[in-house]
Amino acid sequence: MFRRTLPVLAAALAAAAASPATADEVSAGRLPGPRVLDVMTFNIHHAQGTDGALDLRRVANVIRESGADVVGLQEVDKHYSARSNWAEQPTELAELLGHHVVFGANIDNSPPAPGGHRVQYGTAILPRYPITASDNTWLYKSPGQEQRGLLHATLDVHGRKMEF
């Protein structure tokens with residue numbers, strides 16, 4: 001797990017901060033200027049800990065205790081297999097944390113039985129802020145290698161657009 005506090009996150013925030021404050025922004029406590037967002041990236045290994053236990057609540061507790069505003073997750077299962085109890089991990093984590101969520105499937109297979117869920121594995125973004133747009137771009141895949149992807153989300157951070 002890697003956690004880093006960024007003094008100003010992306011040029012989008014700096015550009016947004018350059019605009020003058022409106023009366024509504026001042027009264028709502030949304031003043032222009034540099035912002036600090038805590039960002040965390042976390043490879044959850046389909047919620048299996050180093051002790052071998054599958055525990056999505058433990059993953060949620062680590063995220064909660066970090067205080068991160070935006071979390072990028074890797075190795076997330078969505079109805080993937082028995083290894084994660086066929087769970088829809090992105091949605092369950094968002095519900096446990098009270099966050100928003102977007103999921104990017106890098107492995108996307110047909111349901112194992114008619115009428116079932118697609119079998120997916122990939123990345124997720126869990127922000128405290130609303131997601132206004134998102135897309136997942138598959139990256140170049142070498143023969144015989146697992147598909148990788150780049151998940152992108154546009155967030156509404158107190159009325160300001162932020163790309164993650």
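This text walks through a predicted model of one protein chain, from its overall layout to a few local details.

Start with the whole chain. Its secondary structure comes to four helices and eight strands. Read along the sequence, these elements follow the pattern β-α-α-β-α-β-α-β-β-β-β-β. The chain has 164 residues, and 38% of them are buried. Now take the contacts between residues at least 6 apart in sequence. Of these, 62% join residues at least 24 apart.

Turn next to a pair of helices. Helix α3 covers residues 56-66, and helix α4 covers residues 89-97. Their axes come within 10 Å and cross at roughly 50 degrees. That angle lies between 35 and 65 degrees, so α3 and α4 count as oblique to each other. The crossing is right-handed. Which residues make the contact? On the α3 side they are Leu56, Arg57, Val59, Ala60, Ile63 and Arg64. On the α4 side they are Gln89, Glu92, Leu93, Leu96 and Leu97. By character, the residues of this contact divide into seven nonpolar, one polar and three charged.

Just ahead of α3 comes a loop. It runs between β2 (37-43) and α3, and Ala47 is found there. Ala47 is not a glycine, yet its phi is positive, at about 70 degrees. Is Ala47 buried or exposed? Its relative accessible area is 2%. The cut-off for buried is under 20%, so Ala47 is buried.

Now move to the end of the strand pattern. Strand β7 (residues 149-157) pairs with β8 in the antiparallel sense, over four bridges. Within this pairing, Val157 stands opposite Arg160 in β8. The two strands form a hairpin, with two residues between them. His158 sits in that turn. Like Ala47, His158 has a positive phi without being a glycine; the value for His158 is near 50 degrees. Its exposure can be set beside that of Ala47. His158 is partly exposed, with a relative accessible area of 43%, whereas Ala47 is buried.

Finish with β8 itself, residues 160-163. In a regular strand the side chains alternate between the two faces of the sheet. Where do the side chains of β8 point? Arg160 and Met162 point to one face, and both are buried. Lys161 and Glu163 point to the other face, and these two are not buried. Arg160 thus appears twice in this picture: it is one of the buried residues of β8, and it stands opposite Val157.

Notes:
Residues are numbered from 1 along each chain as its sequence is written. This is a predicted model: local features need pLDDT of at least 70, side-chain atom pairs count only at pLDDT 80 or more; totals for chains, interfaces and linings use all residues. Side-chain values use heavy atoms; hydrogens and water are left out. Buried means under 20% relative accessible area, exposed over 50%, partly exposed in between (1.4 Å probe, protein chains only). Two strands pair if DSSP finds at least two bridges between them. Axes are lines fitted to C-alpha atoms, for helices over the stretch in contact, and angles run from 0 to 180 degrees between N-to-C directions. Angles under 35 degrees count as roughly parallel, over 145 as roughly antiparallel, 65 to 115 as roughly perpendicular and the rest as oblique. A crossing is left-handed if the near helix is turned anticlockwise from the far one by less than a right angle, and right-handed if clockwise. Contact means heavy atoms within 4.5 Å. Ala, Val, Leu, Ile, Met, Phe, Trp, Tyr, Cys and Pro count as nonpolar, Asp, Glu, Lys and Arg as charged, and the others, Gly among them, as polar.
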